[in-house]
Amino acid sequence: MNFENILVENNNGIATITINRPKKLNALNKQTIEELHEAFENLENDTTTRVIVLTGSGEKAFVAGADISEFAHFSTSEGEELARNGQALLFDFIENLTTPAIAAINGFALGGGLELAMACHFRIASENAKMGLPEVSLGVIPGYGGTQRLPQLVGKGKAMELIMTASMIDANEAKEYGLVNYVTTLEELLPLAYKLAQKTLKNSSVAIGAAIKAVNDNFKNDVNGFETEIIQFGKCFGTEDFKEGTTAFLEKRKPNFS
Ligand code: COA
């Protein structure tokens, strides 16, 4: 894996992807989106990776948005294609991974940056983080799922306000809104992400993948999430992890999931 704009590290089942274009505040250009797709796909297919942490390099930005210089001259159809391809390649792709992805927001998460964090399964932030969807200030709307995922996370009224005022909120407000789960210092951000990742990887990764699918289906129009839950619940009964988890409980020992 040879990437120019991201760094990927893997340590005992926990992978860290760092978006690394600090001079451009880690803005998402086409190449970075493609590299992120490849990295997430490789990690999803690597059975030793149990949790993925996504963060930005430097102390200023997680991601300051889609790279404005790349789309400023786009036509209507190019704009539509940008959103469609980006959603398929990265944002929907992350949301539907079976490997849990945690966003560790270390600074500005604006526009596509907040959309990227919202595509992850949950988010934590450092005290200096600032979040928002400022697209209407550029004469456009969020195109990487922001109009859909922000209301899911914070409710319709708050989402409408944030989008139409193009406001930035700080980390504590984001926690109050339910957009991030924890706020900590910048130094403690990755340690906290790893602590949460460690807690996660003690559990069955097969069951976690099934739970992600069931929770996601709650938000899909054409799918009945309760039905998904029933099917995924049943499937778990056929797995080695279920045998190990229930046997370990009955034998009063800790499970050792494969
Ligand atoms: N796309 C492209 N380049 C971006 C960018 C983006 N979304 N966000 C920041 N950059 C670039 C700047 O152009 C600048 O590049 P330069 O040094 O070559 O001129 C560099 O990153 C540093 O940004 P700068 O604006 O000088 O930093 P700042 O501290 O003054 O302001 C922000 C920080 C985040 C408030 C400001 O960069 C900003 O508003 N960015 C755009 C946010 C946005 O609208 N995102 C949604 C896009 S759809």
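Tutor: A polar contact is a pair of N or O atoms within 3.5 Å. Please keep this cut-off in mind as we read this structure, which is a predicted model.

Student: How far is an oxygen atom of the ligand from an N or O atom in the side chain of Lys24?

Tutor: The distance from that ligand oxygen to the Lys24 side-chain atom is 2.6 Å. For Lys60, a side-chain N or O atom is 2.5 Å from an oxygen atom of the ligand. The backbone takes part as well: a nitrogen atom of the ligand lies 2.9 Å from a backbone N or O atom of Ala66. With the protein in place, 59% of the 860 Å² of accessible area that the ligand has on its own is covered.

Student: How many residues surround the ligand, and which are the closest?

Tutor: The ligand is surrounded by 16 residues, and Lys24, Lys60, Ala64, Ala66 and Ile68 are the closest. By character, the shell consists of nine nonpolar, two polar and five charged residues.

Student: I should like to turn to the helices. What is the general idea when one looks for the faces of a helix?

Tutor: Because an α-helix has 3.6 residues a turn, residues three or four places apart point the same way. In this structure, helix H11 spans residues 240-250, and its buried residues are Asp241, Glu244 and Ala248. Viewed down the H11 axis, these fall within an arc of 65°, so they line one face of the helix.

Student: Which helix do the buried residues of H11 pack against, and which exposed residues does the face turned away from them carry?

Tutor: The buried residues of H11 pack against helix H9, residues 205-217. The face turned away from the buried side carries Phe249 and Leu250, both exposed. After H11 comes Lys252, which has a positive phi, near 55°.

Student: How does one judge a single residue: is Ser57 buried or exposed?

Tutor: A residue counts as buried when its relative accessible area is under 20%. Ser57 has a value of 12%, so Ser57 is buried. Its place is in the loop between strand E3 (51-56) and strand E4 (61-63). Beyond residues up to four places away in sequence, Ser57 touches Thr18, Ile19, Asn20, Arg21, Pro22, Asn26 and Asn106.

Student: Where is His37 placed, and is His37 buried or exposed?

Tutor: His37 belongs to helix H1, residues 30-45. Its relative accessible area is 16%, and therefore His37 is buried. Apart from neighbours within four places in sequence, His37 is in contact with Leu89, Leu90 and Phe93.

Terms used
Residues are numbered from 1 along each chain as its sequence is written. This is a predicted model: local features need pLDDT of at least 70, side-chain atom pairs count only at pLDDT 80 or more; totals for chains, interfaces and linings use all residues. Side-chain values use heavy atoms; hydrogens and water are left out. Buried means under 20% relative accessible area, exposed over 50%, partly exposed in between (1.4 Å probe, protein chains only). Helices (H or I, at least four residues) and strands (E, at least two) are DSSP runs, numbered from the N terminus. The arc is that of the directions from the helix axis to the C-beta atoms. Contact means heavy atoms within 4.5 Å. A residue is near a molecule or strand if one of its heavy atoms lies within 4 Å of it. A polar contact is a pair of N or O atoms within 3.5 Å; within protein, one must be able to donate a hydrogen and the other to accept it, and residues adjacent in sequence count only if both atoms are side-chain atoms. Accessible areas come from the Shrake-Rupley method with a 1.4 Å probe; for residues, only the protein chains shown count as cover. Ala, Val, Leu, Ile, Met, Phe, Trp, Tyr, Cys and Pro count as nonpolar, Asp, Glu, Lys and Arg as charged, and the others, Gly among them, as polar.
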